[in-house]
Amino acid sequence: TAARPHVLIARAVFPEVVDKLRQHFEVEANAADDIWPREELIRRLQGKQGVFTTGSERIDAELLAACPGLKICANMAVGYNNFDVPAMTAAGVLATNAPGVLTETTADMGFALLMAAARRVAEGEHYLRARKWDRWAYDMLIGQDVHGSTLGIIGMGRIGQAIARRGALGFGMKVIYHNRSRLPAADEAAVGARYVSKEELLRTADHVVLVVPYSAESHHTIGAAELALMKPTATLVNIARGGIVDDAALAQALREGRIAAAGLDVFEGEPKVHPDLLTVPNVVLTPHIGSATVPTRKAMANLAADNLIGYLAQGRAVTPLNPEVIGA
Ligand code: 8YV
């Protein structure tokens, strides 16, 4: 029998998914939630043909040069800013991500943060737990409406479109969006969204949701200048990636009441969070749990595993990012 391929699992994942990979491969698995230091990752990748990554392991030309046997990196995440895809293509290494399976779950989280920010849910809970609630007041924790308002979506991929559908169909919102490219008219109609410039979106939206992939181009899509364009009653939600928002500028805008509230699931330099965000009251903070439901995380892990199995065992992947590598 042919030697079985060797695969590294870079961070702890569902035991059933480790078992599934063990049916096909010789597996070395990290049992910890911490990723290995880069030097250790490179050492452990020696003699491996595949690696199961979790969105945080930087795969670049230097690492690839040090791991000449590597054939595929399968990311358990839809975002793949941890991959230098051109360097992987140049090295003949297949890159795969995990799109589709987390779309609706992540869109739900976008709405959870939008509702919580606009309706001051987290502030209310802190107030109650601090035992400050002792009477009704006409202006106690009054926020902004979500239903019937204007929703601005920056980034109109799968998740952006899922958020647009929720806004248009469920909340009677007027939906505007900005994206690198405009959707075909039929797709715009299907999600009930109108294309506008980024500036018009920021000036007119009551709620702004960010769902763009992270890149040098999208770094600080929202900084002080953009925050200054937004309505003082507006909310901002980031479920995309840290670094798309200038967190220091956002904390200052929130503190000065230049926008009403924000909901953040991702942060610059996470799991560290900018200290100023921890002390402003009108921001809802969650620890990157947009895709964190049991069925969705299992589907993401299984999709990453199926990419490894498909490629190393059968020569074809399910969701390749650089399909030109296959058959090259
Ligand atoms: C992951 C994510 O939890 O898919 C993504 O891009 O940000 C999250 O769903 C995270 O990347 C770890 O895999």
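Here are some notes on this predicted model, going from the overall layout down to single residues.

1. Start with the domains. The chain splits into domain 1, made of 6–99 plus 294–325, and domain 2, covering 103–285. Their centres, taken over C-alpha atoms, are 32 Å apart. Where the two touch, domain 1 puts in four residues and domain 2 puts in six residues. On the domain 1 side of that contact I'd note one nonpolar residue, three polar and no charged ones.

2. Next, the five-stranded sheet. Its order is E2-E1-E3-E4-E5, the sheet is open, and the pairing is parallel. Strand E2 (26–29) and strand E5 (94–96) sit at the edges, each with pairing on one side only. If you ignore direction, neighbouring strands here are turned against each other by 15° on average.

3. For a closer look at one edge of this sheet, take strand E4 (residues 72–75) and E5: they run parallel and are joined by three bridges. Within that pair, cysteine 73 faces alanine 95 of E5. Helix H13 packs on this sheet as well, touching strand E1 (6–9), strand E3 (50–53), E4 and E5, and its direction makes about 160° with that of E4.

4. H13 also has a helical neighbour. The axes of helix H1 (residues 15–22) and helix H13 (residues 294–314) come within 10 Å and cross at roughly 10°. Angles under 35 degrees count as roughly parallel, so that is how H1 and H13 lie to each other. From H1, the residues involved are Val17, Lys20 and Leu21, and they meet Ala301, Asn302, Ala305 and Leu308 of H13. By class, this contact has five nonpolar residues, one polar and one charged.

5. Now the second sheet. Seven strands make it up, in the order E8-E7-E6-E9-E10-E11-E12; this sheet is open too, with parallel pairing. The edges are strand E8 (193–195) and strand E12 (283–285), each of which pairs on one side only. Neighbouring strands are turned by 20° on average, again with direction ignored.

6. At the E8 edge, strand E7 (residues 174–178) pairs with E8 in the parallel sense through three bridges. Tyrosine 177 has tyrosine 195 of E8 as its bridge partner, so to speak a tyrosine on either side. Helix H7 (residues 158–171) lies across strand E6 (150–154), E7, E8 and strand E9 (207–210). The angle between H7 and E7 is about 160°.

7. Then there's the ligand. Which residues are around the ligand? They are Thr54, Gly55, Met76, Ala77, Val78, Gly79, Leu102, Gly290 and Ser291. That shell divides into four nonpolar and five polar residues, with no charged ones.

8. Finally, two bits of backbone I'd look at by eye. Glutamate 270 and proline 271 are joined by a cis peptide bond, with omega at about 10°. Proline 271 belongs to the loop between strand E11 (261–264) and helix H12 (275–279). The other is leucine 141, which isn't a glycine but still has a positive phi, about 55°. You'll find leucine 141 in the loop that runs between helix H6 (121–129) and E6.

How values were computed. Residues are numbered from 1 along each chain as its sequence is written. This is a predicted model: local features need pLDDT of at least 70, side-chain atom pairs count only at pLDDT 80 or more; totals for chains, interfaces and linings use all residues. Axes are lines fitted to C-alpha atoms, for helices over the stretch in contact, and angles run from 0 to 180 degrees between N-to-C directions. Helices (H or I, at least four residues) and strands (E, at least two) are DSSP runs, numbered from the N terminus. Angles under 35 degrees count as roughly parallel, over 145 as roughly antiparallel, 65 to 115 as roughly perpendicular and the rest as oblique. Two residues are in contact if their C-beta atoms, placed from the backbone, lie within 7 Å. Ala, Val, Leu, Ile, Met, Phe, Trp, Tyr, Cys and Pro count as nonpolar, Asp, Glu, Lys and Arg as charged, and the others, Gly among them, as polar. A residue is near a molecule or strand if its C-beta atom, placed from the backbone, lies within 6 Å of it. Two strands pair if DSSP finds at least two bridges between them. Domain bounds come from an automatic or database domain assignment.
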